[in-house]
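Reader: I would like to go through the labels given to contacts in this model and see what each one rests on.

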Amino acid sequence: MNTQQAKDLCNSFPAAVEALHGPPSNILTYTVGGKHFAWFKTSEPEQWRFSFRATPERFLELTGMPGVKPARFMARYHWVTIVNVRAFPEDYLRELVQWSYERALASLSKTRQRVLLAATEA
C-alpha cells in the first residue's frame with residue numbers, strides 16, 4: 001500500500017474527516033466526530049510517516065517490528081508510527097486502521113454515532 005492508498009483508506013470510512021494542519025504541527029489528520037483515528041506527518045524529516053491507535057497487546061507486537069515505533073507524544077495512548085507504509089503488509093494495515101477508526105467511533109455517544117452515520121447514508 002502506498003501513501004495515497006492509505007489516505008484513501010482513511011477517507012473511505014463513514015463520516016471520516018480529513019484536515020490538513022500547517023506549521024508548526026504539519027500533520028494531515030483523520031477524525032470521526034472530532035476523535036482522531038489516524039494521521040500523516042507532512043513535513044521533513046518525517047514526511048509521510050503514518051500514525052494510528054492500536055490495542056495495548058498490538059502496541060507491544062507492533063513496536064517490536066522493524067519500521068514501527070511508538071508515536072511521539074501519543075505512545076502512552078498506544079499510538080504507533082509506521083515509518084514507511086509501502087513496507088508494511090497491506091491487509092494487516094487495513095485491519096489496524098479499521099480498528100483505530102472503530103475505536104474512535106465507539107468513544108462517541110450512541111446518539112452522536114447515529115447522527116454521524118445517518119448523515120453519511122443520506
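Reader: How many salt bridges does the count come to?

Author: The model is a predicted one, and the count comes to 5 salt bridges.

Reader: Why is the contact of lysine 69 with glutamate 46 called a salt bridge?

Author: The distance from N to O between the two side chains is 3.9 Å. The cut-off is 4 Å between a side-chain nitrogen of Lys or Arg and a carboxyl oxygen of Asp or Glu, so the pair qualifies.

Reader: What makes this pair a tie between parts of the chain?

Author: Lysine 69 belongs to strand E5 (residues 68-70), while glutamate 46 sits in the loop between strand E3 (35-41) and strand E4 (50-53), so parts 23 residues apart in sequence are tied together.

Reader: Is lysine 69 buried or partly exposed, and which of these is glutamate 46?

Author: Lysine 69 has a relative accessible area of 31%, and because the range for partly exposed begins where buried, under 20%, ends and stops at 50%, it is partly exposed. Glutamate 46 has 17%, which is under 20%, so glutamate 46 counts as buried.

Reader: What makes arginine 58 and glutamate 95 a salt bridge, and where do they lie?

Author: Their side chains meet at 2.6 Å, N to O, which is within the 4 Å allowed. The pair links distant parts of the chain, with arginine 58 in helix H2 and glutamate 95 in helix H3, 37 residues apart. Arginine 58, at 24% relative accessibility, counts as partly exposed, and glutamate 95 is partly exposed at 39%.

Reader: Which residues make up the contact of H2 with H3?

Author: Arg58, Glu61 and Leu62 in H2 meet Tyr92, Glu95 and Leu96 in H3. They divide into 3 nonpolar, no polar and 3 charged. Helix H2 (residues 56-63) and helix H3 (residues 90-106) pack at about 145°, their axes 13 Å apart, and the crossing is left-handed.

Reader: What is the spacing in sequence of arginine 94 and glutamate 90?

Author: Both lie in helix H3, 4 residues apart, which is about one turn of the helix. Salt bridges that share partners also join Glu46, Arg49, Lys69 and Arg72 into one network. As for arginine 94 and glutamate 90, their side chains meet in a salt bridge at 3.0 Å, N to O.

Reader: How many aromatic pairs does a search of the whole structure find?

Author: The search finds 10 aromatic pairs.

Reader: Why is the pair of tyrosine 30 and phenylalanine 37 called tilted?

Author: The ring centres are 6.4 Å apart, within the 6.5 Å that a pair requires. The planes stand at 50°, neither under 30 degrees nor over 60, so the pair is tilted. Tyrosine 30 and phenylalanine 37 are both buried.

Reader: What makes the pair of phenylalanine 40 and tryptophan 48 edge-to-face?

Author: Their ring centres are 5.8 Å apart and the planes meet at 70°; edge-to-face begins over 60 degrees, so the label applies.

Reader: How do you know which of phenylalanine 40 and tryptophan 48 is buried?

Author: Phenylalanine 40 has 0% relative accessibility, under the 20% limit, so phenylalanine 40 counts as buried. Tryptophan 48 has 30%, so tryptophan 48 counts as partly exposed.

Reader: Which residues form the aromatic cluster?

Author: One cluster is formed by Phe13, Tyr30, Phe37, Phe40, Trp48, Phe50, Phe52 and Tyr101.

Notes:
Residues numbered from 1 in each chain as written. Predicted model: local features only at pLDDT ≥ 70, side-chain atom pairs only at ≥ 80, totals over all residues. Heavy atoms only, no water. Axes fitted to C-alpha atoms, helices over the stretch in contact; angles between N-to-C directions. Helix = DSSP H or I, 4+ residues; strand = E, 2+ residues; numbered from the N terminus. Left-handed = near helix turned anticlockwise from the far one by under 90°. Contact = heavy atoms within 4.5 Å. Nonpolar A, V, L, I, M, F, W, Y, C, P; charged D, E, K, R; others polar. Phe/Tyr/Trp six-rings, centres within 6.5 Å; stacked < 30°, edge-to-face > 60°. Buried < 20%, exposed > 50% of the residue type's maximum accessible area, 1.4 Å probe, protein only.
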